[in-house]
Amino acid sequence: MKKKGVTLSALLVYVVLFYLFTMTATMISSNINNKIFKDRAKVYNYKNSEKTMAYLIESTRNSSSVDVISNKLVFANNDEYKIVNNTVYKNDKVILRDVEKFEYSTADISKYKQQVSINIVFKKYTQKLEKNFNFVVGGNS
């Protein structure tokens, strides 16, 4: 008499093949998602870098001097920059998130000009971007 249907060994082979296929598909999918997150983080960091530069250029153009007052970078046109809990504020409004480091210093170049140096590290997911900005603030004298 011939047996009809699927044997136990054939069923076991199908289950193992299905498991291997599922695991392979999951690994490929998570690897693609990881690459997408890394790419998105890089774009996010570069956009924040450009945004920061635009804000700082605006502040330096419209100001005649800059000072560091109680952990704030204060321009003469009343623009204030500070960092609280990885968030940078300009005049108490959020302008940047996911900032790991926001350091600044000022130096006198001449009687009427100052140099502002700003070092920012943006971090999103596992991607970091470090940018250094140097601006000159002051009159034409």
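The protein chain of this predicted model contains one helix and eight strands. Followed along the sequence, these elements come in the order α-β-β-β-β-β-β-β-β. In other words, a helix opens the pattern and strands follow it. Helix 1 covers residues 8–61.

The overall dimensions make a good next stop. Along its principal axes, the C-alpha trace spans about 105 × 25 × 20 Å. The radius of gyration of the protein chain is 28 Å, whereas a compact globule of 141 residues would have a value near 14 Å. Of the 141 residues, 25% are buried. The accessible surface amounts to about 10200 Å², and carbon and sulfur atoms account for 55% of that area. Charged groups can be described in a similar way: there are 22 positive and 12 negative side chains, and the centres of these two sets are 16 Å apart. Contacts also reach across the sequence. Among those with a separation of 6 or more, 42% join residues 24 or more positions apart.

What lies at the heart of the largest nonpolar core? This core has 19 residues, and L73, F102 and I118 touch the most other members. Several strands contribute to it, with at least two residues each from strand 2 (72–75), strand 5 (93–96), strand 6 (99–108), strand 7 (113–124) and strand 8 (127–138). As background, nonpolar side chains in soluble globular proteins tend to be buried together. L73 gives a closer look at the surroundings of one core member. Beyond its neighbours within four places in sequence, L73 is in contact with V66, D67 and V68, with D79, E80 and Y81, and also with Y104, T106, V116 and I118. One of these partners, I118, is itself among the residues that touch the most other core members.

Two lysines offer a helpful contrast. Is K90 buried or exposed? K90 has a relative accessible area of 10%, and it is therefore buried, since the cut-off is under 20%. This lysine belongs to strand 4, residues 87–90. Leaving out residues up to four places away in sequence, K90 touches Y55, E58, S59, D79, E80, Y81 and I95. Of these partners, D79, E80 and Y81 also appear in the list of contacts for L73. K38, by comparison, sits in helix 1. With a relative accessible area of 36%, K38 is partly exposed. Its contacts, again without residues up to four places away in sequence, are T126 and Q127. K38 is separated from K113 by 75 residues in sequence, and their C-alpha atoms are 41 Å apart in space.

The helix and the strands can be linked by another pair of residues. T22 lies in helix 1 and is partly exposed, at 32% relative accessibility. S105 lies in strand 6 and is likewise partly exposed, at 37% relative accessibility. From C-alpha to C-alpha, T22 and S105 are 55 Å apart, with their positions 83 residues apart in sequence. Where, then, does S105 find its contacts? Apart from neighbours within four places in sequence, S105 is in contact with Q115, V116 and S117. The C-alpha atoms of S105 and Q115 are 8.2 Å apart, and the two residues are 10 positions apart in sequence. V116 is a partner of L73 too.

Finally, two loop residues deserve a look at their backbone angles. Which value does phi take at S70? The angle is positive, at about 40°, although S70 is not a glycine. S70 is placed in the loop between strand 1 (66–69) and strand 2. S70 counts as exposed because its relative accessibility is 60%, and exposed means over 50%. Y125 likewise has a positive phi, near 55°, and is a residue other than glycine. The loop that holds Y125 lies between strand 7 and strand 8. At a relative accessible area of 49%, Y125 is partly exposed, so it falls below the cut-off of over 50% for an exposed residue.

Key: Residues numbered from 1 in each chain as written. Predicted model: local features only at pLDDT ≥ 70, side-chain atom pairs only at ≥ 80, totals over all residues. Heavy atoms only, no water. Core = buried A, V, L, I, M, F, W, Y, C linked by side-chain atoms within 4.5 Å. Buried < 20%, exposed > 50% of the residue type's maximum accessible area, 1.4 Å probe, protein only. Helix = DSSP H or I, 4+ residues; strand = E, 2+ residues; numbered from the N terminus. Contact = heavy atoms within 4.5 Å. Rg over C-alpha atoms; globule rule 2.2 N^0.38 Å. Areas by Shrake-Rupley, 256 points an atom, 1.4 Å probe, with all protein chains shown as cover. Lys, Arg positive; Asp, Glu negative; His and termini not counted. Charge placed at Lys NZ, Arg CZ, Asp CG, Glu CD.
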